[in-house]
Amino acid sequence: MTDVVLGIPELPAPDFPADVRARLETDAKEVIARYPGSRSALLPLLHLVQSEEGFVSRTGIRFCAEQLDLTTAEVTAVATFYTMYRRKPSGDYQVGVCTNTLCAVMGGDAIFDELKQHLGVGNDETTEDGKVTLEHIECNAACDFAPVVMINWEFFDNQTPQSAKQLVDDLIAGREVRPTRGAPLCSYKETARILAGFPDEREGANEASGGAGPASLAGLKLHRGDATAARVVGQRGSAPQDDAGTYDTATSPSPAEHASSHDAPAQTAASDPAHPSDAVAEPPAAGGGASAREPRNSSATEEGE
């Protein structure tokens, strides 16, 4: 006879310790006061409880429900919908490898496979020391810097398998790791508190910034009437065309000069000595002569912006 498991209803989630709850309640009141309707504060409150435990636990869900007069089912429905909320204990550093189309073909799949083998973990798994949680993620909206790795939602652009392995090794060893652009790296719990809407009090963190690359800005320039951006980029190896489908070599830029660096992808990463961020030569173009394209240099981009 087959055993039938009827199951036992799950007991209510335990509460936070009294001192922790008192501190979180103070912060929660500040968050809720920002919104005309209290339930609109649910997303930042979930980040708040995540900053306490490193993930959204049943206790955290209970706390959010009580603060907003919602059911735990309503809070759970939101917490399970958004991937930025962790549902189980995870590492100090969330290492996400973009495996969406462009990053994948530019090397994201290879980076993800290398990191799984290097760290000895699978997708959404954490190293034994609790330092790194690895996952593949969808588009980071940084396609002109592909392939992209994000650590606690900070950008690490133009990665290679070797540079990505060096990044996680540095994280595990406690060495300083600096994003390509944006604020200095902090722990996952600290990141969650910032996402809850509380100020980043680290010196210089708010002044740190990073802008979009040339390929991202081309459409904006075209919209603003910048004639230098008003051109159609042909397929790799072909010439850009104007609206009439013709190409005037006297007035139009060469294929090596248009904004998209993806027509000559270069394996470059500041942390990968084997692939320095200097000029990369292209094969001779049709009609003779060689051309070179200056690949994106993450440090130069930061200084220029």
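Contact is taken here to mean heavy atoms within 4.5 Å. The structure under consideration is a predicted model, and two of its features are described below: the environment of lysine 88 and the packing of helix H1 with helix H3.

Lysine 88 is located in the loop that joins helix H4 (72-79) to strand E1 (93-98). When neighbours within four places in sequence are set aside, the residues in contact with lysine 88 are Phe55 and Asp124. With aspartate 124, the side chain of lysine 88 reaches the backbone oxygen at 3.1 Å. A separation of 9.9 Å is found between the C-alpha atoms of lysine 88 and arginine 58, which are 30 residues apart along the chain. The relative accessible area of lysine 88 is 39%; because this value falls between the limits of 20% for buried and 50% for exposed residues, lysine 88 is classed as partly exposed.

Arginine 58 also marks the start of helix H3, which spans residues 58-68. Two packed helices are described by the angle between their axes and the distance between the axes. For helix H1 (residues 18-32) and helix H3, the axes come within 11 Å and cross at roughly 50°. H1 and H3 are therefore oblique to each other, and the crossing in which H1 passes H3 is right-handed. On the H1 side, the contact is formed by Arg21, Leu24, Glu25, Ala28 and Ile32, while H3 contributes Phe63, Glu66, Gln67 and Leu68. By residue class, the contact of H1 with H3 comprises five nonpolar, three charged and one polar residue.

Technical notes: Residues numbered from 1 in each chain as written. Predicted model: local features only at pLDDT ≥ 70, side-chain atom pairs only at ≥ 80, totals over all residues. Heavy atoms only, no water. Axes fitted to C-alpha atoms, helices over the stretch in contact; angles between N-to-C directions. Helix = DSSP H or I, 4+ residues; strand = E, 2+ residues; numbered from the N terminus. Parallel < 35°, antiparallel > 145°, perpendicular 65-115°, else oblique. Left-handed = near helix turned anticlockwise from the far one by under 90°. Nonpolar A, V, L, I, M, F, W, Y, C, P; charged D, E, K, R; others polar. Buried < 20%, exposed > 50% of the residue type's maximum accessible area, 1.4 Å probe, protein only. Polar contact = N/O pair within 3.5 Å; in protein donor to acceptor, adjacent residues only side chain to side chain.
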